[in-house]
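Student: I should like to learn how to read a ligand site together with the pockets and cavities of a protein model. Could we work through one example step by step?

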Amino acid sequence: MLYTPETAQDAAKYAVGRAAVERYAHDGARLGLGSGTTSAWFVRAFGEKVAEGLDVVGVPTSTATRDLALSLGIPLMDLNDLNQPLDVTLDGPDEVDHDGDMIKGGGACLLWERMVAAASHKMVCIADDSKLVETLGKFALPIEVIPFGWKATRRSIASLLDDLGYRETEIVRRLRDGEPVVTDSGNFVLDAHLDRITDKALLDTNLNWIAGVVENGLFTGIASEIMMASPDGEVRIIDLPHRYAARVPEWRKVSDLDHGRQQ
Ligand code: 5RP
């Protein structure tokens with residue numbers, strides 16, 4: 001089926017999805033496939049290359065992306081079966097700042113997205129230019145929690161946020177059609193309305209120390225490149241230097257990172 005973008009924002013997502021395929025989908029490539037509407041444009045363009053005979057493999061970051069990729073004939077691999085890191089994961093943000101730090105999880109896929117990115121040599125943020133912000137936080141921060149005792153977990157999150165200076169933060173369990181949203185791993189999503197995130201790496205690491213929190217959507221120090229498109233189809237590439245990473249994937253040498261730089 002032929003898909004065409006219908007809005008200006010969609011046109012930008014379409015442009016960046018196609019540009020990402022041109023840049024990274026070469027013969028033999030092993031790619032992490034992001035989730036959400038931007039990534040869907042990327043996956044569709046990737047599917048066209050596969051139909052033309054490109055020899056590639058993908059690891060999806062959600063059941064929705066898995067189903068889309070399978071419908072397009074893209075060969076997939078299970079994350080468990082990787083014996084070396086993926087070349088690159090391409091995924092879209094809900095917000096991205098000039099450091100390449102992101103809020104993710106608007107589609108509730110943050111856990112698998114973070115795991116697949118961590119299993120990749122490189123993570124590239126693909127976005128339309130409406131996603132670029134000076135300061136992260138207007139988009140409510142998704143936090144994936146286990147259903148058992150989720151209200152207790154929410155209290156612990158509220159207490160941490162208060163300690164970190166985010167006063168009386170509204171933290172809402174995400175609903176769809178009146179029912180709790182359940183992630184691909186069977187968990188709930190809490191959305192924390194922070195408005196302005198001031199110490200990104202500190203918040204990222206501390207949230208994950210809370211019992212009951214499975215993952216949070218504040219992706220700090222993960223992207224090493226942003227590909228960003230405007231509705232007229234122009235794509236620019238923003239390279240991000242090595243910098244402080246709150247959580248270092250096992251195959252990225254700690255010595256390669258600049259631990260002198262604070263965020
Ligand atoms: C899903 C995500 C998405 O990647 C994020 O919500 C961006 O989505 P879109 O490309 O539709 O704007 O994090 O959990």
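Tutor: Let us begin with the residues around the ligand. The shell contains 18 residues, and those that come nearest are Ser35, Thr37, Thr38, Asp94 and Lys131. Please bear in mind that this is a predicted model.

Student: How do the residues of this shell divide into nonpolar, polar and charged?

Tutor: One sorts each residue of the shell into a class and then reads the counts. Here the shell around the ligand has 8 polar, 6 charged and 4 nonpolar residues.

Student: Which backbone atoms lie at a short listed distance from an oxygen atom of the ligand?

Tutor: For a polar contact, one looks for pairs of N or O atoms within 3.5 Å. In this model, a polar backbone atom of Gly92 is 2.8 Å from a ligand oxygen. For Cys109, a backbone N or O atom lies 2.9 Å from an oxygen atom of the ligand, and for Gly107 the corresponding distance is 3.2 Å.

Student: What percentage of the accessible area of the ligand does the protein cover?

Tutor: The reference is the area that the ligand has on its own, which is 370 Å². The protein covers 92% of that accessible area.

Student: Where does the ligand sit, and which elements give two or more residues to its shell?

Tutor: The ligand is placed in the largest pocket. The elements that contribute two or more residues to the shell are α2, spanning 37–51, and α4, spanning 110–118.

Student: How should the largest pocket itself be described?

Tutor: One gives its volume, then its lining. The volume of the largest pocket is about 250 Å³. Its lining comprises 20 residues, and Ser35, Gly36, Thr37, Asp94 and Gly107 lie nearest the centre. Two or more lining residues come from each of α2 and α3 (63–71). By class, the lining has 10 polar, 5 nonpolar and 5 charged residues.

Student: How many cavities of 30 Å³ or more does the structure hold, and which residues line the largest cavity?

Tutor: A cavity differs from a pocket in that a probe fits inside but cannot get out. The structure holds 1 cavity of 30 Å³ or more, and the volume of the largest cavity is about 40 Å³. Its lining consists of Ala108, Cys109, Leu110, Leu111, Trp112, Glu144, Thr183, Asp184 and Ser185. With 3 residues, α4 gives the most to this lining. The lining of the largest cavity divides into 5 nonpolar, 2 polar and 2 charged residues.

Terms used
Residues numbered from 1 in each chain as written. Predicted model: local features only at pLDDT ≥ 70, side-chain atom pairs only at ≥ 80, totals over all residues. Heavy atoms only, no water. Near = heavy atom within 4 Å. Polar contact = N/O pair within 3.5 Å; in protein donor to acceptor, adjacent residues only side chain to side chain. Areas by Shrake-Rupley, 256 points an atom, 1.4 Å probe, with all protein chains shown as cover. 1 Å grid on protein atoms, 1.4 Å probe; cavity = no way out; pocket = protein on both sides within 12 Å on 5 of 7 lines; lining within 4 Å. Sits in = over half its atoms within 2 Å of the grid points. Helix = DSSP H or I, 4+ residues; strand = E, 2+ residues; numbered from the N terminus. Nonpolar A, V, L, I, M, F, W, Y, C, P; charged D, E, K, R; others polar. Points joined across faces, edges and corners; volume = space filled by probe spheres on them.
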